[in-house]
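Hi,

Here is the structure I promised to pass on. Have a look at it first, and my notes on what I found follow underneath.

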Amino acid sequence: MRYSFAWLMAGWLFSASSAIAKDAQEVLDQLRDAQQENYQGSFIYERKDVFSTHQMWRYVDESGRKQERFLQLNGPRFEVFKVDGQVTCVVHPNEDELFLNQDWPGQNLNWQDLSQWYSLQWIGRTRVADRNTIAVLFAPLDAHRYPLEVHMDEQTGVPLKSLLLNEHGQLLERFQFVNYSTEHVGAQDLLVEHRSCIEPKQLSVGEPERLTWQWQLGWLPEGFQAIHQASKNWEINRKQISNQSYSDGLAQFSVFVEFLTEQDVAATRLQLGPTAVVTRRLDTELGAYMITVLGEVPAGTAERLALSIAIQEQE
Amino acid sequence: MSQTSLEQSLSALMDGEADDLELQRILRESDNPELRAQWQRLHAARWSMRQEAVIPHIDLSGRISEALQDVEMTSSEKPTQPSLWSRVGKVAVAASVTFAVLGGARFYNNVNITEGQAVMASTQQVAPALAHSAINPVVLASYGGPAQDTATSQVSDDSSSWYRERLPAYFRQHNQQTTVSGMETSLPYARAASIEGR
């Protein structure tokens with residue numbers, strides 16, 4: 001940390017200069033355009049009470065099909081295989097677990113506005129996983145999001161390290177590659193033991209009936225936008241759940257609302273590393289509803305969001 | 001000792017990574033006004049990163065000088081061959097100097113933090129349902145105390161089964177929909193993995 005702190009110092013000293021901030025945005029845009037297609041590497045993930053090691057492979061074949069494989073290297077065997085962003089296979093110690101594939105393409109949001117919610121600061125050139133990296137700090141301009149430090153590979157733009165901090169500057173989570181290579185990645189690396197695959201459920205299967213109720217957020221922090229055009233309804237054990245996710249380009253939270261048939265479900269608050277979870281039971285004339293707000297936002301923000309949600313009868 | 005390498009040592013000290021040699025260099029130069037100004041700037045920078053409005057002015061050099069004077073007095077009073085006990089005493093004084101620096105830095109860095117919280121921030125509360133199934137991993141000393149089980153004592157079966165069923169599914173769904181500003185990152189997968197099989 002000693003040199004990165006020196007760079008942070010430099011970033012702080014120059015943060016007053018908007019020209020430097022603009023440069024950081026330009027660098028970020030360039031890096032985003034220069035995404036590497038094929039790479040592999042191993043990385044660590046660390047948050048409160050969790051330290052795990054992982055291996056990942058990313059390969060785009062001749063037809064442009066993007067395949068990704070993620071493998072947890074310690075603890076229970078957990079493996080995810082994705083094709084074009086859709087989860088097609090999960091290896092999990094509990095075969096009864098429910099996994100959904102992702103077939104909700106988000107809206108194509110314009111993240112040029114990021115600078116309205118974060119001050120983008122140039123930290124400097126760093127080195128991660130034996131690669132030269134460029135580090136920038138997204139410092140939030142209000143209390144509804146966390147600071148994020150990202151170190152991106154100079155050649156490929158892939159984020160090789162990211163640190164999420166809380167409002168006191170304490171580390172909430174660390175994601176960091178240990179080795180990274182853009183060579184020798186082939187289709188053979190993407191082979192998963194398909195015998196042990198849990199096939200994720202299609203969200204569209206068993207189209208849920210139209211809900212007789214709808215929910216609304218009474219408050220949304222500035223800069224956050226809904227990811228989907230409308231909230232999505234899906235099912236867990238025949239229970240209909242209405243879900244929408246919101247993002248400001250970096251931070252994200254999701255809202256889940258369910259009509260409650262269980263009598264006695266208590267509200268709770270949890271903090272799983274960077275992720276705040278707030279549940280709230282809402283008793284209305286229509287019945288009881290369970291509201292869950294979950295995301296990498298400060299707990300106070302999640303709490304306020306949960307409190308602002310109102311249920312209405314659908315016409 | 002160049003000013004640059006001294007400043008690097010100072011930066012290392014702030015990050016808690018300075019070795020004994022570096023600490024000695026800093027202490028030797030503790031009257032150097034440039035070094036003291038740098039110490040203040042480092043703190044101001046860190047403070048600004050946390051977006052704190054007020055920057056308290058804390059200068060530990062007085063305490064350090066006092067501790068060092070004690071060392072000198074001990075050695076001048078007893079110019080004879082150092083015994084084992086005097087060496088123990090010196091170690092103790094040296095430790096107290098270290099404590100004056102590190103303890104002060106710690107106070108400075110953790111003004112809003114109660115004793116016991118450490119590197120990894122945020123308290124981990126365990127959901128009523130997860131509390132029954134979770135296997136608490138070994139907690140490293142520097143990561144604060146073990147996860148506090150704040151589950152209520154009477155958890156109904158409804159509550160338990162609801163949380164056991166919903167939270168992992170919600171967590172997965174949330175992470176599957178996470179995009180970080182169009183960047184290709186494995187972070188959402190890693191976050192999702194952190195609750196699997198636990």
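Before the notes, one term: a residue is called buried when its relative accessible area is under 20%, and exposed when that area is over 50%. Please also keep in mind that this is a predicted model.

**The two chains**

By that cut-off, 41% of the 198 residues of chain B count as buried. For chain A, the figure is 57% of 315 residues. The two chains are built from different elements: chain B has 8 helices and 0 strands, while chain A has 4 helices and 19 strands. If you walk along the sequence of chain B, you will read α-α-α-α-α-α-α-α.

On the surface side, chain A exposes about 14,200 Å², with carbon and sulfur atoms supplying 46% of that area. Chain B exposes about 10,800 Å², and there carbon and sulfur atoms supply 55%. I also looked at how far apart in sequence the contacting residues are. Taking contacts with a separation of 6 or more, pairs 24 or more positions apart make up 61% in chain B and 50% in chain A.

**How far to trust it**

The model as a whole scores ipTM 0.84 and pTM 0.65. Chain A has a mean pLDDT of 81, and 79% of its residues reach 70 or more. Its residues 1-18 are a weak spot, with pLDDT below 50, although the stretch has 31 contacts in the model beyond near neighbours in sequence. Residues 105-109 of chain A also stay under 50, and they have 9 contacts beyond four places in sequence.

Chain B averages a pLDDT of 59, and 35% of its residues score at least 70. Two stretches of chain B stay under 50: residues 52-56, with 9 contacts beyond four places in sequence, and residues 122-154, with 60 such contacts. Among the elements of chain B, helix α6 (residues 128-133) has the lowest mean pLDDT, 39, and helix α8 (residues 187-193) has the highest, 87. Where pLDDT is low, the predicted coordinates should not be read in detail.

**The sheet in chain A**

Chain A holds an open sheet of 10 strands, paired antiparallel, in the order β5-β4-β3-β2-β1-β10-β9-β8-β7-β6. The edges are β5 (86-91) and β6 (118-128) of chain A; each has a single partner strand, so one side of each is left without a neighbour in the sheet. From one strand to the next, the twist averages 15 degrees.

The part from β1 to β4 is easy to follow by eye. Strand β1 (residues 39-47) of chain A runs antiparallel to β2(A), and 9 bridges join them. Within that pair, Tyr45(A) stands opposite Ser52(A) in β2(A). The two strands form a hairpin with 2 residues between them, and Asp49(A) in the turn has a positive phi of about 70 degrees.

Strand β2 (residues 50-60) of chain A is mostly covered, with 9 of its 11 residues buried. On its other pairing, 7 bridges join β2(A) to the antiparallel β3(A). This hairpin has 5 residues between the strands, and Gly64(A) takes a positive phi near 85 degrees.

Next, β3 (residues 66-72) and β4 (residues 79-83) of chain A run antiparallel and share 5 bridges. Leu71(A) is a handy residue to click on here. It is the bridge partner in β3(A) of Gln55(A), and its own bridge partner in β4(A) is Glu79(A).

**A residue that touches both chains**

Finally, have a look at Thr279(A), which sits in strand β17 (residues 275-284) of chain A. Is Thr279(A) buried or exposed? Its relative accessibility is 4%, so Thr279(A) counts as buried.

The side chain of Thr279(A) reaches the backbone nitrogen of Thr268(A) at 2.7 Å. That side chain also makes a polar contact, at 2.7 Å, with the side chain of Tyr163(B). Leaving aside neighbours within four places in sequence, Thr279(A) is in contact with Ala266(A), Ala267(A), Thr268(A), Met290(A), Ile291(A) and Thr292(A) in chain A, and with Trp162(B) and Tyr163(B) in chain B.

Cheers

Methods: Residues numbered from 1 in each chain as written. Chains lettered and ligands numbered in written order. Predicted model: local features only at pLDDT ≥ 70, side-chain atom pairs only at ≥ 80, totals over all residues. Heavy atoms only, no water. Pairing = 2+ DSSP bridges. Axes fitted to C-alpha atoms, helices over the stretch in contact; angles between N-to-C directions. pLDDT = per-residue confidence, 0-100. Contact = heavy atoms within 4.5 Å. Buried < 20%, exposed > 50% of the residue type's maximum accessible area, 1.4 Å probe, protein only. Polar contact = N/O pair within 3.5 Å; in protein donor to acceptor, adjacent residues only side chain to side chain. Areas by Shrake-Rupley, 256 points an atom, 1.4 Å probe, with all protein chains shown as cover.
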